[in-house]
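Thank you for making time this morning. I would like to walk you through the interior of one model, so please have the sequence and the structure open as I speak.

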Amino acid sequence: MRTDYCGELRADDIGREVSVCGWVDRRREHGEHLAFIDLRDRTGVIQCVVDERHDLRSEYVVRVTGTVRARPEDTANPKLATGEVEIGDCGVEVLSTAEPPPFPLHSRTEVDESVRLRYRYVDLRGERLQRNLELRAKVNSAIRRSMEAQRFTEIETPMLVASTPEGARDFVVPSRLHPGRFYALPQSPQIFKQLCMVGGLDRYYQIARCLRDEDLRADRQFEFMQLDAEASFASQDDVMAFITEAVAAAVEAVTGARPAEPINMTWTEAMERYGSDKPDVRFAMELVELTGLFEGTEAKVFQVECVKGINHKGGGQSLGRNAIDELTRKCQQWGAKGLAWFRVGDDGALDGALTKFMSADEQAALGPAMGAEPGDLLLLIADRRQKVRDVLGLLRLELGRPPITEGGLNFIWVTEFPLFESIDDQGRPISAHHPFTMPHPDDVGLLGGSGEDLLEVRSQAYDLVLNGWELGSGSVRIHRPDIQRAVFRALGIEDSEAEERFGFLLDAFRYGAPPHAGFAFGIDRLVAILAGEENIREVIAFPKTQSGADPLSNSPTPIADRHLDELGLRVLPPPASAR
């Protein structure tokens, strides 16, 4: 039906007869018998000069046939890729009429997101989503090329699986053929990709759809896409190199340039310097260790396990008392007892309520320790070390994090995560990743310990971080039965429970499991950052709202009684709190 796309016509096409198809973007009257219409398709717009008698309204779908010609010099539009040319002597065929759209596609006003999602098929016609989804396609294509060049084989894994512990709730699917039994939708292909390694497939990858029933936020949807990869006879460094190459190829496909090599940082270093295991290094404001400075202090607020601070440059002048009080309230919401603050005067002296409890030496040493200059605001948290790091990490982001479009692309590999993240009420450790994560070789001997001692065990787990967003994580897997048993014992998992929960994987390992390691990263998150979007909904064609609803299809919806009967299910009334 068409010879060309609207947005691809240029001065070289002058004199050619063309046919283009698309939607009427705008109409403007031109003289007594003519009208201009801007015709839009996914490549852009072209101006067409048509007979004004044609009834062409916004979002009508038309086919225009005419001759490409130069626009009069005084009407050329340098802001438009097709701004030097137009189509004249046009014949018009209306392919489909349209009602007025629920919102204008080229409006500068904000449209409520629920309306955008209700009419997503209209929203998709806009330049923003057209650009973002095209960018996403480039990323997927580049990833595939890179993984195949590195001798990975694309393998699809099942969508109906057994429920496995992955750290979030499963979405479950009732079985009609096996009443009372349920499939789970995969939170990740974790076990299946490990079985691929046992099966000798050597290097597996998949752009996999994963599903997790967890609260939604800017970087999280129920359904998400990830690059999932696993390699046999590969070390942590090997996997990090594979993934670094794939990500670099994706960035280059979008920006035209490869990003700088990622920096490496241990989990402990990230927490101590930035208060986060996904540090945003686009700005400074690092956490400063001050515990030693307050050793032997008379100030009770600083007589704790750890004292750290951040220097908000110029904050002593830009933030008033009300703003500082609001920061204090936020720190308390995050779990701190309070926030110690000091303004730095012109002479370097500290101004703050706590100075009367501090010695002259402590006051004199605090400013230099934090690189303070006149006009700065020094913010300190004193508590247990983990609490101090967590709260200051959040406060640092609150004060300094730049917009997603600023600061370039800063990739970081964070390594040596703890094997266990905490101790439960029964004194048992809780896995930080999953129970098949290989401990650090220097810490295997610590697995025989108990309680808080187990929190010192490091793992061979690693995360890839971009501008403060965790893109993904991976680990070297346990393939040795003796180490697996030691980890299970530390977790309080008896042999019978391990067999019940992980039997088919453990059985496979009995038949010769190669050393293997893997990784998965969220494509939605990478694309959002490359597109300059703060929310991954803007790079997904049909996302859910933050409440998990889909205004377009009105899901989730009730199921008819006859379907429930087929599945042997009964639906309980919702709890009173949800009515």
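I will talk about the packing of the core, then a cavity, and then one helix.

Please keep in mind throughout that this is a predicted model. The largest nonpolar core has 64 residues, and those that touch the most other members are Val-139, Ile-143, Ile-243, Phe-521 and Leu-526. Helix 5, residues 236-255, supplies the largest share of this core, with eight residues. Apart from that core lies another, of 20 residues, which includes Val-24, Ala-35, Ile-37 and Val-50.

Let me stay with Ile-243 for a moment, since, leaving aside residues up to four places away in sequence, Ile-243 touches Leu-227, Ala-229, Trp-413, Leu-464, Phe-519 and Phe-521. Ile-243 also belongs to the lining of the second largest cavity, together with residues including Phe-152, Glu-230 and Gly-518. That cavity holds about 40 Å³ of space, and a search of the whole structure finds three cavities of 30 Å³ or more. Strand 10 (223-232), helix 5 and strand 22 (516-522) are the elements that each give two or more residues to its lining, and the lining residues divide into eight nonpolar, one polar and one charged.

Finally, I turn to helix 11, residues 481-491, where Ile-483, Gln-484, Ala-486, Val-487, Phe-488, Ala-490 and Leu-491 are buried. Which elements help to cover the buried residues of helix 11? The cover includes strand 18 (420-423), strand 19 (429-431) and helix 12 (495-509). Just after helix 11, Gly-492 adopts a positive phi of about 75°.

Key:
Residues numbered from 1 in each chain as written. Predicted model: local features only at pLDDT ≥ 70, side-chain atom pairs only at ≥ 80, totals over all residues. Heavy atoms only, no water. Core = buried A, V, L, I, M, F, W, Y, C linked by side-chain atoms within 4.5 Å. Buried < 20%, exposed > 50% of the residue type's maximum accessible area, 1.4 Å probe, protein only. Helix = DSSP H or I, 4+ residues; strand = E, 2+ residues; numbered from the N terminus. Contact = heavy atoms within 4.5 Å. 1 Å grid on protein atoms, 1.4 Å probe; cavity = no way out; pocket = protein on both sides within 12 Å on 5 of 7 lines; lining within 4 Å. Points joined across faces, edges and corners; volume = space filled by probe spheres on them. Nonpolar A, V, L, I, M, F, W, Y, C, P; charged D, E, K, R; others polar.
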